[in-house]
Amino acid sequence: MPVFRAVVVLSVTQIIAWGAMFMFVSVTAAGMAAELGLQASSIYFGPTVMLVVMAVCSPPLASFYTRLGARRVLALGSALAAPGLWLLAAAHGPLAYFAAWAVLGMAGAATLTTSAHVFLTEIAGEGARRAIAAQMLAMALAPSISWPVTVVCEAALGWRGTFVLYGATMLLVCAPLHHLALPRTAAPARVPHGVAAAAEAERAKGRRSRDLVALITAAVALNGFVTWGFQLVVIDLFRSFAVADRLAVGFGSAIGFIQLSARLFDFLGGNRWDGVTTGLVAAAIMPLALAALAFGQGAEWSIVLFLLLYGLSSGAMSVSRATMPLAFFSPAQYAAVMARLGLPLNLAFAAAPPFFSFVLEEAGNGWALSIAFACSCGTLASMALIGRMRRSLGRSVFMEA
């Protein structure tokens, strides 16, 4: 029962947090750019600042998980998001705009995704993979909920009023839910010696362990470069094929429901496969999605096929990204491993939105899709090598570290 309660609470708060702190920019970018006197690519540099700050803040969080537990980290991050959003609402120039995103980066490191998954490993132990997969079922709906809600709020309140409302929601809804509604754990998860212990374990296991971490980083970073890059510019991508605005928003919002289907399929699979198998299948689908849209040149059939394949791949890969370490490391080691991976992964994620926005504006959708296709092939190659190592090493090798 405590695990079920935790999954429900985190599903609600993560949908709110991602919508309020990150995904809104897909809808509000045009209005913000006009009022702030910035180009659209500069507006998308705001989330990049956020992700860079998240990357820098991720490794030190391992010690906070150990001392405070993930529940308190989640609550503190939610409270810190409010001043970041209010500063964004009050911004009238680049300095305040990017400063607000830096505050959101500090808040996001503490309250978005990783901390939620760390909490689930604290409370669910060996059942953490299934608990994380269950929580991510609801997360698939984040864009499908947040984009239409932001459209309505912006029309009624303007983008500044929308951010004031979102800040109040983070402070008055998410922070109390994290602090009061999440079950108490007997003690914070004790990760031996934090990240240093993970590094010592890797040295003890030699080159194969270092290669594994490098491959996981490469696979997730290359995939995230595509999915995170397209997550914010997918509406602009559809517009570049002369798709009407209403249809572009509708098509973009549909991705969430397809991602939900992929995560549901993985969840219903239970323990029949691990995060590595899920990631390998997801990596094989992504190049097909990108090729369909490129060859179809925005025809209706190509957009529908792209949505189907892209949604399935990105939905399954998001589960793999969160659960793949559990195929090799114990739940007690999970926080340290994820905190360590946070720096390179968030840096890769940070570069994606402004990069793809710039490529779409300056070179067109053909170049954007070609670059994404190359990255997705790199993900597939990395996942194939991880699968090979999984068969040869086995989970217990690293869990004993």
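Ala, Val, Leu, Ile, Met, Phe, Trp, Tyr, Cys and Pro count here as nonpolar, Asp, Glu, Lys and Arg as charged, and the others, Gly among them, as polar. Before these classes are applied, a word on the model.

This is a predicted model, in which local features need pLDDT of at least 70 and side-chain atom pairs count only at pLDDT 80 or more, while totals for chains, interfaces and linings use all residues. Residues are numbered from 1 along each chain as its sequence is written, and side-chain values use heavy atoms, with hydrogens and water left out.

The protein has 18 helices and zero strands, taken as DSSP runs (H or I, at least four residues, for helices; E, at least two, for strands) numbered from the N terminus. Of its 401 residues, 59% are buried, that is, under 20% relative accessible area with a 1.4 Å probe and protein chains only, where exposed is over 50% and partly exposed lies in between.

I turn now to the cavities. On a 1 Å grid over the protein atoms alone, a cavity is a set of points where a 1.4 Å probe fits but cannot get out, and lining residues have an atom within 4 Å of a point. Points are joined across faces, edges and corners, and a volume is the space filled by probe spheres set on them. Five cavities of 30 Å³ or more are counted, and the largest holds about 700 Å³. Its lining comprises 37 residues, with W18, T113, W228, R321 and F349 the closest to its centre. By class, that lining has 21 nonpolar, 14 polar and two charged residues. Helix α16 (residues 331-362) gives the largest share, seven residues.

Finally, T113 sits in the loop between α7 (94-111) and α8 (114-124). Its phi is near 55°, a positive value in a residue other than glycine. T113 counts as partly exposed because its relative accessibility is 27%.

Methods: 1 Å grid on protein atoms, 1.4 Å probe; cavity = no way out; pocket = protein on both sides within 12 Å on 5 of 7 lines; lining within 4 Å.
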